[in-house]
Amino acid sequence: AKLRAELKGSRDVAKLCLGVQALCHLAGLGKAAPGASRDEATCASTCATMGVLALLVNRYPRVRRVAAEQLYVTLLGSEGEDAETEEALELLSATRWDADLAAVKPARNSLYPMLGLETPKQALVAAKAKAAKLEAKDENDSYAALVGSAGY
């Protein structure tokens with residue numbers, strides 16, 4: 001939690017990239033952390049994974065790309081690979097994480113259930129607001145097209 005708090009709002013790209021590596025290392029420890037109870041290890045792994053997923057929609061494209069690459073490597077090294085993990089690996093490799101944020105956010109939001117995590121309410125609200133805005137925009141575009149085709 002302290003690492004995530006340190007990275008939040010940072011504008012130092014090198015610091016963010018190193019933070020991604022540290023979070024992915026913690027996320028990979030998850031089930032096999034020596035000297036820690038199972039609950040502590042699971043909690044640390046979940047918190048770290050949530051931090052990496054948050055950095056997948058960072059304002060800097062380089063940070064997003066590094067986060068996706070590191071999460072991919074972490075998931076490859078995880079012990080229990082199931083169909084959802086394979087699907088997450090496919091999505092991580094198929095998405096251009098250095099593209100526009102509007103294209104990246106839906107891909108990030110679909111990773112939560114694939115990794116067995118609950119999607120944060122803030123991400124759901126943002127996705128619904130974006131979808132409503134797009135629906136309204138599409139309606140206006142079609143009306144403009146109708147008026148244009150009518151010759152007005």
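The following paragraphs describe the fold, the nonpolar core, two helix pairs and two individual residues of a predicted model.

The secondary structure of the protein chain consists of seven helices and zero strands, and the pattern read along the sequence is accordingly α-α-α-α-α-α-α. The chain has 152 residues, of which 31% count as buried. The surface exposed by the protein chain amounts to about 9700 Å², with 56% of this area supplied by carbon and sulfur atoms. When the contacts with a separation of 6 or more are considered, 55% of them link residues that lie 24 or more positions apart.

In the interior, the largest nonpolar core comprises 31 residues, and Leu55, Leu56, Trp97 and Leu111 are those with the most contacts inside it. At least two residues of this core come from each of helix 2 (13-29), helix 3 (38-55), helix 4 (61-77), helix 5 (83-94) and helix 6 (101-114). For leucine 55, once neighbours within four places in sequence are left aside, the contacts are with Leu7, Leu16, Val20 and Leu23, as well as with Val63, Arg64 and Ala67.

The packing of helix 5 was examined against helix 4 and against helix 6. The axes of helix 4 and helix 5 come within 10 Å of one another and cross at roughly 155°; because angles over 145 degrees count as roughly antiparallel, helix 4 is described as roughly antiparallel to helix 5. The crossing of these two helices, helix 4 and helix 5, is left-handed. On the side of helix 4 the contact is made by Ala68, Leu71, Tyr72, Leu75 and Leu76, whereas helix 5 contributes Thr85, Ala88, Leu89, Leu92 and Ser93.

For helix 5 and helix 6, the axes come within 9 Å and the crossing angle is roughly 165°, so that helix 5 is likewise roughly antiparallel to helix 6. Helix 5 passes helix 6 in a left-handed crossing. The residues of helix 5 that make this contact are Glu84, Thr85, Glu87, Ala88, Leu91 and Leu92, and those of helix 6 are Ala107, Ser110, Leu111, Pro113 and Met114. Among the participants, Leu111 is also one of the residues with the most contacts inside the largest nonpolar core, while Thr85, Ala88 and Leu92 of helix 5 appear in the contact with helix 4 as well.

Two partly exposed positions were considered individually. Leucine 26 is located in helix 2 and has a relative accessible area of 36%, on which basis the residue is partly exposed. With neighbours within four places in sequence left aside, leucine 26 is in contact with Ser45 and Ala48. The C-alpha atoms of leucine 26 and alanine 48 are separated by 6.0 Å, although the two residues are 22 residues apart along the chain.

Arginine 59, by contrast, is found in the loop between helix 3 and helix 4, and with a relative accessible area of 43% this arginine is also partly exposed. Not counting residues up to four places away in sequence, arginine 59 touches Gly9, Arg11 and Arg64; of these, Arg64 is also in contact with leucine 55. The separation between the C-alpha atoms of arginine 59 and aspartate 100 is 9.5 Å, for a pair that is 41 residues apart along the chain.

Terms used:
Residues are numbered from 1 along each chain as its sequence is written. This is a predicted model: local features need pLDDT of at least 70, side-chain atom pairs count only at pLDDT 80 or more; totals for chains, interfaces and linings use all residues. Side-chain values use heavy atoms; hydrogens and water are left out. Helices (H or I, at least four residues) and strands (E, at least two) are DSSP runs, numbered from the N terminus. Buried means under 20% relative accessible area, exposed over 50%, partly exposed in between (1.4 Å probe, protein chains only). Contact means heavy atoms within 4.5 Å. Accessible areas come from the Shrake-Rupley method with a 1.4 Å probe; for residues, only the protein chains shown count as cover. A nonpolar core is a set of buried Ala, Val, Leu, Ile, Met, Phe, Trp, Tyr and Cys residues joined through side-chain atoms within 4.5 Å. Axes are lines fitted to C-alpha atoms, for helices over the stretch in contact, and angles run from 0 to 180 degrees between N-to-C directions. Angles under 35 degrees count as roughly parallel, over 145 as roughly antiparallel, 65 to 115 as roughly perpendicular and the rest as oblique. A crossing is left-handed if the near helix is turned anticlockwise from the far one by less than a right angle, and right-handed if clockwise.
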